[in-house]
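Here is a friendly walk through one protein model, made to be read with the sequence and the 3D view side by side. Pull up the structure and follow along.

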Amino acid sequence: MNKNIMTFDEWAILGKDEGMERGHHKSVEHMFKMILEKNYKNYTALDLGCGNGWVVRKFKDYSLCDDAHGLDGANHMIKKAQKLDPQGTYFNENIESWNPIQKYDIIFSMETLYYFKKPEKIINKIYNDGLNEKGLFIMGIDHYAENFESLDWGTKFNLDITTLSITEWVGLFKQIGFNDVQFTQVESKENWKGTLIIKGTK
Ligand SMILES: C[S@@+](CC[C@H](N)C(=O)[O-])C[C@H]1O[C@@H](n2cnc3c(N)ncnc32)[C@H](O)[C@@H]1O
């Protein structure tokens, strides 16, 4: 099994998914503000690397969101998501081999895109196979070259990670064809450059 998925599967067993939910929720609030600015109506959403599915349930709390699904490679993350939301749709799949069976208006991803050797392949799949026309992809990451405090996470947490700079991440979105690409850094503090949020429209 993929090393990152194994690590996060153990984290789910240890209950660390709840810590991630608490740790990420402020940055995710910023991401939701950016989504809501767009006035989407009757939209569908997918959370890639959904963990225990807390963001999927957040999407579903909005009346203008018709449906939201979650996808994660860690079996115990998905089991938790299904237990918390038995009617919900959660896929237990590796994003690298994921073949979307439907397209979405919004694809969201928090703290997941740097777990791939070639994130451009995943972003390309999101653009071509995952998103409806005019669909939005929005991601948040805490590990990137300028955020020095995050640079040892690979060894510290036993994860395979890819370190890119802000310019490189934004460049990938543009190279793949996203329009209206915007980025921001939120929740920064001393010695912490904050969550890098990037969004682009198909
Ligand atoms: C840092 S956690 C973030 C979870 C959630 N988005 C949150 O903010 O709480 C990263 C998630 O990505 C998932 N993940 C990592 N690599 C993956 C892969 N190749 N395929 C599917 N899921 C993956 C992990 O299982 C984990 O749940």
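## I198 and its contacts

Let us begin at one residue and work outwards. Leaving aside residues up to four places away in sequence, I198 touches M139, W169, V170, F173, V181 and F183. Please keep in mind throughout that this is a predicted model.

I198 sits in strand β7. Is I198 buried or exposed? I198 is buried, because 22 other C-beta atoms lie within 10 Å and the cut-off for a buried residue is 20 or more. One of its contacts is worth a closer look in the viewer: I198 and F173 are 25 residues apart in sequence, yet their C-alpha atoms are 8.5 Å apart in space.

## Helix α7 and its two sides

F173 takes us to helix α7, which covers residues 166-176. Which residues of α7 are buried? They are W169, L172 and F173. These residues lie on the same side of α7, because they cover an arc of only 95° around the axis.

The buried residues of α7 pack against α5 (119-130), β6 and β7. If you turn to the other side of α7, you will find T167, K174 and Q175 exposed. Just after α7 comes G177, with a positive phi of about 120°.

## Strand β6 and the loop that follows

Strand β6 spans residues 179-186, and Q182 is found in it. Q182 counts as partly exposed, because 14 other C-beta atoms lie within 10 Å, a number between the limits for exposed (12 or fewer) and buried (20 or more). Along the chain, Q182 and K199 are 17 residues apart, while 5.5 Å separates their C-alpha atoms.

Between β6 and β7 (195-201) runs a loop that holds E187. Although E187 is a residue other than glycine, its phi is positive, near 60°. E187 counts as partly exposed, because it has 16 C-beta neighbours inside 10 Å.

## Helix α1

Now move to the other helix described here in detail. α1 has 12 residues, and the distance from its first C-alpha to its last is 17 Å, close to the 16 Å expected at 1.5 Å a residue. Its buried residues are N4, I5, F8, D9 and A12. Those residues cover an arc of only 135° around the axis, so they are on the same side of α1.

What do the buried residues of α1 pack against? Their partners are α2 and α4 (75-84). K3 and L14, on the other side of α1, are exposed. Just after α1, G15 has a positive phi of about 80°.

## After α2: another positive phi

The loop between α2 and β1 (43-48) is the place of N39. N39 is not a glycine, but its phi is positive all the same, at about 55°. N39 counts as exposed, because it has 7 C-beta neighbours inside 10 Å and the limit for exposed is 12 or fewer.

## Around the ligand

The model also has a ligand, with 21 residues around it. Which of these come nearest? They are F8, G49, G51, G73 and A74. F8 has appeared already, as one of the buried residues of α1.

By class, the shell around the ligand is made up of 9 nonpolar, 8 polar and 4 charged residues. Two helices, α1 (3-14) and α2 (16-36), each supply at least two residues of this shell.

## The whole protein

Finally, step back and look at the complete chain. The protein has 7 helices and 7 strands. Read from the N terminus, its elements run α-α-β-α-β-α-β-β-α-β-α-α-β-β. The radius of gyration is 16 Å, close to the 17 Å that the globule rule gives for 202 residues, so the protein is as compact as a globular protein of that length.

Taken along the principal axes, the C-alpha atoms fill a box of roughly 40 × 35 × 30 Å. Of the 202 residues, 38% count as buried. Among contacts between residues at least 6 apart in sequence, 63% join residues at least 24 apart.

Terms used
Residues are numbered from 1 along each chain as its sequence is written. This is a predicted model: local features need pLDDT of at least 70, side-chain atom pairs count only at pLDDT 80 or more; totals for chains, interfaces and linings use all residues. A residue is near a molecule or strand if its C-beta atom, placed from the backbone, lies within 6 Å of it. Helices (H or I, at least four residues) and strands (E, at least two) are DSSP runs, numbered from the N terminus. Ala, Val, Leu, Ile, Met, Phe, Trp, Tyr, Cys and Pro count as nonpolar, Asp, Glu, Lys and Arg as charged, and the others, Gly among them, as polar. The expected span of a helix is 1.5 Å times one less than its number of residues. The arc is that of the directions from the helix axis to the C-beta atoms. Two residues are in contact if their C-beta atoms, placed from the backbone, lie within 7 Å. The radius of gyration is taken over C-alpha atoms; the globule rule is 2.2 Å times the number of residues to the power 0.38.
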